[in-house]
Amino acid sequence: MKAGTSVLIGLIETIVDRLADFIERIQAEVEGLSHSIFEIKGGVATRQRRFDILLRAIGREGEISSKVRESAHSLGRLLTFLVHAVNERKEDKPLQARIRTAARDVASLTDHATFLSGKIIFLLDATLGMINIQQNDIIKIFSVAAVVFLPPTLLASIYGMNFHHMPELNWIFGYPFALILMVLAAVLPYIYFKRKGWL
């Protein structure tokens, strides 16, 4: 019976080692993703493509991390049972020590996998936040363009009316005056927004 228990413990130790390797690989991937998310380079289109790739990678690592946590949890339950079983059967002390060591290792790996899952969730939130910031910048450009071109459009529509009695129609400088007024109506809001720090 002792030989069978030793083989079982050897198999469990091998599984724990494999689990530790998986967690190390996930950690390395998560660190790489963390650097990529907060790295600012390239234009808007390049960053958009990079965010798409990062979202897929984060999803993949999150799924692997979830499976590792499930495996570690199941292994922890198995080892809890084994600890009680070898204590009741009065197995050798070195065998009991190996089982307790494996149980501690699995508990430590479970904690580490939980930490990595939290970090992956943080990276997902950070990526979505960066995408929102990028989209807000685009919307801000359209809003500013609309506000800048609204006063000149209003002036153009006023001077485009076909009323017979308009004072500027007979004025020699009427056309240049209208153009200058439109340019000023576009430039002044832009300068105002710039000074307020809205651009």
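The following legends describe close-up views of a predicted model.

**View 1. Confidence along the predicted chain.** Across the chain the mean pLDDT is 83, and 93% of the residues reach 70 or more. Among the helices, H1 has the highest confidence, with a mean of 86, whereas confidence is lowest in H4, where the mean is 81.

**View 2. The salt bridge between Arg98 and Glu13.** Five salt bridges are counted in the model, and one of them joins Arg98 to Glu13, with the closest N and O atoms 2.9 Å apart. This pair links distant parts of the chain, since Arg98 belongs to helix H3 (residues 93-159) and Glu13 to helix H1 (residues 2-37), with the two positions 85 residues apart in sequence numbering. Arg98 is partly exposed, at 31% relative accessibility, and Glu13 is likewise classed as partly exposed, with a relative accessible area of 26%; both values fall between the limits of 20% and 50% that bound this class.

**View 3. The salt-bridge network of Arg25, Arg60 and Glu61.** These three residues, Arg25, Arg60 and Glu61, are linked in a network of salt bridges. In the bridge between Glu61 and Arg25, the closest N and O atoms are 3.9 Å apart. Glu61 lies in helix H2 and Arg25 in helix H1, so this pair ties together parts of the chain that are 36 residues apart in sequence. Glu61 also meets Arg60 in a salt bridge, at 4.0 Å from N to O. The distance cut-off for a salt bridge is 4 Å, and the value given for Glu61 and Arg60 is 4.0 Å. Glu61 is buried, with a relative accessible area of 1%, while Arg25 counts as partly exposed at 33% relative accessibility and Arg60 is partly exposed with a relative accessible area of 45%.

**View 4. Ser117 and its contacts.** Ser117 has its place in helix H3 and is buried, because its relative accessible area of 12% is under the 20% limit for that class. When residues up to four places away in sequence are not counted, Ser117 touches Ser65 and Arg69.

**View 5. Val83 in helix H2.** Val83 lies in helix H2, which covers residues 44-88. With a relative accessible area of 18%, Val83 is classed as buried, because the class takes in values under 20%. The C-alpha atoms of Val83 and Asp105 are 14 Å apart in space, and the two residues are 22 residues apart in sequence.

**View 6. A nonpolar surface patch that includes Tyr190.** Ile180, Val183, Leu184, Val187, Leu188, Tyr190 and Ile191 form a nonpolar patch on the surface, and together these residues have about 620 Å² of accessible area. Tyr190 is found in helix H4 (residues 174-196) and counts as partly exposed, at 39% relative accessibility. Membership of a patch requires over 30% relative accessible area, a condition that Tyr190 meets with its 39%. When this view is read, the mean confidence of 81 in H4 should be kept in mind, as H4 is where confidence in the chain is lowest.

Technical notes. Residues are numbered from 1 along each chain as its sequence is written. This is a predicted model: local features need pLDDT of at least 70, side-chain atom pairs count only at pLDDT 80 or more; totals for chains, interfaces and linings use all residues. Side-chain values use heavy atoms; hydrogens and water are left out. Helices (H or I, at least four residues) and strands (E, at least two) are DSSP runs, numbered from the N terminus. Buried means under 20% relative accessible area, exposed over 50%, partly exposed in between (1.4 Å probe, protein chains only). A salt bridge is a side-chain nitrogen of Lys or Arg within 4 Å of a carboxyl oxygen of Asp or Glu. Patches are made of residues with over 30% relative accessible area and no salt bridge: like charges are joined within 9 Å, nonpolar side chains (Val, Leu, Ile, Met, Phe, Trp, Tyr) within 5 Å. Accessible areas come from the Shrake-Rupley method with a 1.4 Å probe; for residues, only the protein chains shown count as cover. pLDDT is the predictor's confidence in each residue, from 0 to 100. Contact means heavy atoms within 4.5 Å.
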